[in-house]
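Reader: I want to learn how to read a model like this one. Where do we start?

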Amino acid sequence: MTILKDNLPIGLCSDHAGYELKCIIEGYLESKGISYQDFGTASVESCDYADYAHPCALAVEAGKCYPAIAMCGSGNGIGMTLNKHQGIRAALCWTPELARLARAHNDANVLVLPARFIAPELALEIVDIFLSTPFDGGRHQRRIDKIPVAGSCC
């Protein structure tokens, strides 16, 4: 089982702290014949995660990529940026079980990895779980439907 859709590429993005892990993930995806679109960065030179997160999020929202994988040092900055987009449900995952739950219960469409805090082998295991776990739907759909902010909620 896979969550990949209609031969869409997976979106990838990182800042300088996530660059090396992004390269490892690219090689892994290539070895499995999975296409991707790299939104940057292209080096370990210091940069701002938002410059790469926003274009990646826009591509997911527009249906040009699905899902996406993003990484920065802690995963927090790039995840916060991605989640500013109404159509994005980015989940910071550092264990396979968190990745499974992010997909099964939250229908996460972006996996966020903390590049400075997990080994590449663990990151690839997390990627596998994320890409192979379907959304459970049911009661979880009702909760997801309440995530977007539409006017005043309180």
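Author: Start with how elements are named. Helices and strands are DSSP runs, numbered from the N terminus. The model is predicted. With those names, D107 can be placed: it sits in the loop between α4 and β5 (110-114).

Reader: What is the phi of D107 near?

Author: Phi of D107 is near 50°. That is a positive value in a residue other than glycine.

Reader: Is D107 buried or exposed?

Author: Under 20% relative accessible area counts as buried. D107 has 15%, so D107 is buried.

Reader: Next, peptide bonds. Which residues does a cis peptide bond join?

Author: One such bond joins G40 and T41, with omega about 5°. T41 lies in the loop between β2 (36-38) and α2 (50-61). A cis peptide bond also joins Y66 and P67; there omega is about -15°. P67 belongs to the loop between α2 and β3 (68-72).

Reader: Now helix packing. What describes two packed helices?

Author: The angle between their axes and the distance between the axes. Take helix α4 (residues 96-104) and helix α5 (residues 120-132): their axes come within 8 Å and cross at roughly 25°.

Reader: Which label fits α4 and α5, parallel or antiparallel?

Author: Angles under 35 degrees count as roughly parallel. Therefore α4 is roughly parallel to α5. The crossing of the two helices, α4 and α5, is right-handed.

Reader: Which residues in α4 and α5 meet?

Author: From α4 come P96, A99, R100 and R103. From α5 come L122, E125, I126, I129 and F130. By class, the contact of α4 with α5 holds six nonpolar and three charged residues, and no polar ones.

Reader: Last topic, cysteines. How many disulfides does the structure hold?

Author: Zero. The test is a pair of cysteine sulfur atoms within 2.5 Å. For C23, the nearest cysteine sulfur is that of C47, 12 Å away, and C23 is in no disulfide. C47 is in no disulfide either; its nearest cysteine sulfur, that of C72, is 10 Å away.

Reader: Are C23 and C47 buried or partly exposed?

Author: Read each against the cut-offs: under 20% is buried, over 50% is exposed, and partly exposed lies in between. C23 has 29% relative accessibility, so C23 counts as partly exposed. C47 has 15%, so C47 counts as buried.

Definitions and conventions: Residues are numbered from 1 along each chain as its sequence is written. This is a predicted model: local features need pLDDT of at least 70, side-chain atom pairs count only at pLDDT 80 or more; totals for chains, interfaces and linings use all residues. Side-chain values use heavy atoms; hydrogens and water are left out. Buried means under 20% relative accessible area, exposed over 50%, partly exposed in between (1.4 Å probe, protein chains only). Axes are lines fitted to C-alpha atoms, for helices over the stretch in contact, and angles run from 0 to 180 degrees between N-to-C directions. Helices (H or I, at least four residues) and strands (E, at least two) are DSSP runs, numbered from the N terminus. Angles under 35 degrees count as roughly parallel, over 145 as roughly antiparallel, 65 to 115 as roughly perpendicular and the rest as oblique. A crossing is left-handed if the near helix is turned anticlockwise from the far one by less than a right angle, and right-handed if clockwise. Contact means heavy atoms within 4.5 Å. Ala, Val, Leu, Ile, Met, Phe, Trp, Tyr, Cys and Pro count as nonpolar, Asp, Glu, Lys and Arg as charged, and the others, Gly among them, as polar.
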